[in-house]
Amino acid sequence: MSAAAERPAINWTELVGPLSVVEDPFAELAPEQLDALRIILRFETSQDASSKNTTSHEAQKLRSQLSREGLDVDWLFKQREIIIQQRRAQSTAVNPDVIGKDVRIPGYVLPLEFEGQKVTSFLLVPYAGACIHTPPPPANQMVHVVYPDGIEVTGLFTPVWVEGKINAELSVRDVGLSDGESRVEVGYKMSPENVSLY
């Protein structure tokens, strides 16, 4: 039996770390209340000094209105920050059950470095077009692959199988795109034994 046949194929959902329930107090609010909160936030975080007095007055009116409706705006804004942090933590959380395992995973090549005509460093992503569209996949849905042997690719997103040990390594990679560069967080790393066309 070949090494490739012995390696279990994993899918992208298996890379997601343990999920926790994120309490969302905004789910119960009416659309008008959500709009008012957005306006208050925009007014209160505005750097435009010329409209500070107007925005301050408008924000205060909306705060008073929401307070009459039984909402604590400051508490909701604190909850918003907590939710942002929780969602970010979930997007970078890796699955401890796959760390150090010898696996095969399919995906698409987003090249980072070339040697001649071969790609030697790339992001393995779950779908074609990842990172070109915003937002990019979560960090736990991207693998930084370093493959000194290199692989020839036929286009920007070539489908491949990557075989070897997968490890957790949170990093930030610069991805060059046709309209500029983007920085993306990556949750996994592999220095595989083999990369082959899908």
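## Surface, fold and cores of a predicted chain

The chain exposes about 11600 Å², and carbon and sulfur atoms supply 51% of that area. The model is predicted. Of its 198 residues, 39% count as buried. Among contacts with a separation of 6 or more, 71% are between residues 24 or more positions apart.

The secondary structure comes to 4 helices and 6 strands. Along the sequence they follow the pattern α-α-α-α-β-β-β-β-β-β.

**Helix α4**

Helix α4 covers residues 73-92. With 20 residues at 1.5 Å a residue, α4 should span 28 Å, and its end C-alpha atoms are 29 Å apart, which agrees. At the start of this helix, a side-chain oxygen of D72 comes to within 3.2 Å of the backbone nitrogen of D74. The buried residues of α4 are V73, L76, F77, Q79, I83, Q90 and T92. As background to such a list, residues three or four places apart in an α-helix point the same way, because there are 3.6 residues a turn.

**Strand pairing**

Strand β2 is paired with β1 and with β3, as tabulated here.

| Strand pair | Direction | Bridges | One bridge pair |
|---|---|---|---|
| β1 and β2 | antiparallel | 7 bridges | L110 and L123 |
| β2 and β3 | antiparallel | 6 bridges | L124 and V143 |

β1 and β2 form a hairpin with 2 residues between them. G116, in the turn, has a positive phi of about 65°. β2 is mostly covered, with 7 of its 8 residues buried.

**Nonpolar cores**

The largest nonpolar core has 20 residues. Those with the most contacts inside this core are L15, I105, F122, L124, V143, V162 and I166. At least two residues of the core come from each of β1 (102-115), β2 (118-125), β3 (143-152), β4 (158-177) and β5 (180-190). β3 gives the most, with 4 residues. Another core lies apart from this one and has 13 residues, among them A36, L62, F77 and I83. F77 and I83 also appear among the buried residues of α4.

Which residues does I166 touch, not counting those up to four places away in sequence? I166 touches L15, V98, I99, G100, K101, V103, V143, Y188, K189 and M190. Of these partners, L15 and V143 are also listed with I166 among the residues with the most contacts inside the largest core. V143 is in addition the bridge partner of L124, and L124 is on that list as well.

Methods: Residues are numbered from 1 along each chain as its sequence is written. This is a predicted model: local features need pLDDT of at least 70, side-chain atom pairs count only at pLDDT 80 or more; totals for chains, interfaces and linings use all residues. Side-chain values use heavy atoms; hydrogens and water are left out. The expected span of a helix is 1.5 Å times one less than its number of residues. Buried means under 20% relative accessible area, exposed over 50%, partly exposed in between (1.4 Å probe, protein chains only). A polar contact is a pair of N or O atoms within 3.5 Å; within protein, one must be able to donate a hydrogen and the other to accept it, and residues adjacent in sequence count only if both atoms are side-chain atoms. A nonpolar core is a set of buried Ala, Val, Leu, Ile, Met, Phe, Trp, Tyr and Cys residues joined through side-chain atoms within 4.5 Å. Contact means heavy atoms within 4.5 Å. Accessible areas come from the Shrake-Rupley method with a 1.4 Å probe; for residues, only the protein chains shown count as cover. Two strands pair if DSSP finds at least two bridges between them.
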